Amino acid sequence: MPLTFPISEYSKRQSAFLGQLPSNSLVLISTNPRSIRSNDTHYPFRANSYMLYLCDWDESDSVWMASNSTGEWETTLFVLPRDTKAEIWEGRRVGPEGAAKYWPVDKAHSIMDLSEVIRPLLGDCSVVFSIAGLNPEIDALLNDSNIETANPKSYLDQLRVIKSEAEIEIMRKSADLASEAHILAMREGNPGVGEWHLQSVIESCFTSNNAQWAYPSIVGGGDNAAILHYNTNQESVKDGDLVLIDAGCEVQGYASDITRTWPVNGRFTDAQREIYELVLKSQIAAIEVCRPGARWVEFHNAASRVIAQGLIDLGILDCTLEEAIGDPNDFDGPYRNYFMHGTGHFLGLDVHDVGGGRQGDDDPGPKLMPGMVITVEPGLYFGSWRTDVNIPERYAGIGVRIEDDVLVTADGPLVLTSSCPKEISELEAIIGQEG
Ligand SMILES: [Mn+2]
């Protein structure tokens, strides 16, 4: 199993991280715990993204350690030991010998020796960088030792948020594959199509390309499109309804994240077209803002301004643009009744990747820089069952979100998912048409 990147990429990441830490510190990065789905059946294991970032180790029950008790940083992987009987049942293991030989670390030990190796090191160091809650054995050791602990995330996140050329190349593949999957689903569009069927078309495209979903696919027809985290995908989509598909894949650890919304019968109604074109206009306006130096909040505000004005123009809001937007710092006006989420998030090893950037509060967030990858995904939702606000009858049952993945470059925004159609004319030409 070859590494995702050349060893030099991991060495660069490790030294950029460790170079910022105080001398005499110890770093312990644990992978994710395995989780049970039912009785003795586990969910498929997915390694912790910090573990993947630092050394690409993807087996369970492992810890990456860096110590500089000798004055020089030394890295160690603790991994499951070779065990033929266990491997017969659970799969082959690399073991400490293979880990030390082929992975970007100086040494490797059996995970069984974790406490024994770490305990003496705790006496020699002044601070331990560790992410609590992932590994009970480490948490217990640190609790018992009374040593000062710190969270390594702030150091690692500012590295992870800027993608290298090699990472961008994989993220392009991930974006291309997700685009392809969405197009295949569009071709399967027809009145009465099952949400589950569209899900299976999307996910079989991922699987047949040796990838997997990055998050559970959302396939919501009609009113279900107005449920932001809908993913039961068990209803049929009626003739005349839109379907919203929010699905992305993970290629060699890196996520893509695309949302497209289209009519299953291949033809937008006038009301659907009005909402769709408004969301598309706001999304294009937001993407335009994704340039180096822009504050995180600016692309959300750009999308929000277009949405707020559009809601006024369509007669959905009866007020001025200022009133629709609300507090000029918070953007908390009544347009939020129909567009209640942020406009995007960082994307990378995690689908909601590290790096900060909350929207909808008054923190302007990080500044955009070349090498950042973000999603841009405004939406409008008119669930007909809602009782919290007035839902105009003309738009009841419509939910639209359009989401692309955008690389910030010195030359401006680059849409990695541009091969996935989003113009109404393109969509109407594809839906239900066999390739
Ligand atoms: Mn997203």
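The following dialogue goes through several features of this predicted model.

Me: I should like to begin with the metal. Which protein residues are the donors of the manganese ion?

Reply: One reads a metal site by listing the atoms that face the ion. Here the protein donors of the manganese ion are Asp257 (OD), His345 (NE2), Glu377 (OE) and Glu403 (OE), and they lie 2.1 to 2.4 Å from it. Along the chain, these donors follow the spacing D-x87-H-x31-E-x25-E.

Me: Where do Asp257 and Glu377 lie among the strands?

Reply: Asp257 is in the loop between strand S13 (254-255) and strand S14 (258-263), while Glu377 is in the loop between strand S15 (373-376) and strand S16 (379-382); the pair therefore ties together parts that are 120 residues apart in sequence.

Me: Are Asp257 and Glu377 buried or exposed?

Reply: Asp257 is buried, and Glu377 is buried as well.

Me: Let us turn to pockets. How much space lies in the largest pocket, and how many residues line it?

Reply: A pocket may be read by its volume, then by its lining, and then by the parts of the chain that supply that lining. The largest pocket holds about 1,600 Å³ of space. Its lining has 48 residues, of which Phe45, Arg46, Ala47, Asp58 and Gln212 lie nearest the centre. Two or more lining residues come from each of helix H1 (7-18), helix H2 (49-55), helix H8 (165-187), strand S9 (212-213) and strand S12 (249-251). H2 gives the most to this lining, with three residues.

Me: How do the residues of that lining divide by class?

Reply: The lining of the largest pocket divides into 21 nonpolar, 13 polar and 14 charged residues.

Me: Where does the largest pocket lie with respect to domain 1 and domain 2?

Reply: Domain 1 (7-160) and domain 2 (165-430) both give residues to the lining of the largest pocket, so this pocket lies between them.

Me: What is the volume of the second largest pocket, and which residues lie nearest its centre?

Reply: The second largest pocket has a volume of about 520 Å³. It is lined by 24 residues, of which His229, His341, His345, His352 and Glu377 lie nearest the centre. Two of these names, His345 and Glu377, also appear among the donors of the manganese ion. By class, the lining of the second largest pocket has six nonpolar, 11 polar and seven charged residues.

Me: How many cavities of 30 Å³ or more are there, and which residues line the largest cavity?

Reply: A cavity differs from a pocket in that a probe fits inside but cannot get out. The count comes to one cavity of 30 Å³ or more. The largest cavity has a volume of about 40 Å³, and it is lined by Asn24, Ser25, Leu26, Ser67, Asn68, Ser69, Leu121, Asp124 and Cys125. Strand S1 (25-30) and helix H5 (114-124) are the elements that give two or more residues to this lining. Its classes are three nonpolar, five polar and one charged.

Me: Asn24 is in that list. What is notable about its phi, and where is its place?

Reply: Phi of Asn24 is near 70°, a positive value in a residue other than glycine. Asn24 is placed in the loop between H1 and S1, and at 31% relative accessibility it counts as partly exposed. Asn210 also has a positive phi, of about 60°, although it is not a glycine. Asn210 is found in the loop between helix H9 (195-208) and S9; at 76% relative accessibility, Asn210 counts as exposed.

Me: How many aromatic pairs does a search of the whole structure find, and how is one of them read?

Reply: The search finds 11 aromatic pairs. One reads a pair from the distance between ring centres and the angle between ring planes. The rings of Trp57 and Trp103 have centres 5.0 Å apart and planes at 70°; planes over 60 degrees apart count as edge-to-face, so this pair is edge-to-face. Trp57 is in the loop between H2 and strand S4 (63-67), and Trp103 is in the loop between helix H4 (95-102) and strand S6 (107-110), 46 residues apart. Both Trp57 and Trp103 are buried.

Me: What is the arrangement of Tyr335 and Phe339?

Reply: The ring centres of Tyr335 and Phe339 are 6.2 Å apart and the planes stand at 55°, so the pair is tilted. Tyr335 counts as buried, at 0% relative accessibility, and Phe339 counts as buried at 0%. Elsewhere, ring pairs link Phe5, Tyr10 and Tyr254 into a cluster.

Technical notes. Residues are numbered from 1 along each chain as its sequence is written. This is a predicted model: local features need pLDDT of at least 70, side-chain atom pairs count only at pLDDT 80 or more; totals for chains, interfaces and linings use all residues. Side-chain values use heavy atoms; hydrogens and water are left out. Donors are N, O and S atoms within 2.8 Å of the metal (3.2 Å for Na, K and Ca); water is not among the atoms, so sites may look incomplete. Helices (H or I, at least four residues) and strands (E, at least two) are DSSP runs, numbered from the N terminus. Buried means under 20% relative accessible area, exposed over 50%, partly exposed in between (1.4 Å probe, protein chains only). On a 1 Å grid over the protein atoms alone, a cavity is a set of points where a 1.4 Å probe fits but cannot get out, and a pocket is an open set with protein on both sides within 12 Å along at least five of seven lines; lining residues have an atom within 4 Å of a point. Grid points are joined across faces, edges and corners, and a volume is the space filled by probe spheres set on the points. Ala, Val, Leu, Ile, Met, Phe, Trp, Tyr, Cys and Pro count as nonpolar, Asp, Glu, Lys and Arg as charged, and the others, Gly among them, as polar. Domain bounds come from an automatic or database domain assignment. Rings of Phe, Tyr and Trp (its six-membered ring) pair if their centres lie within 6.5 Å; planes under 30 degrees apart count as stacked, over 60 as edge-to-face and the rest as tilted.
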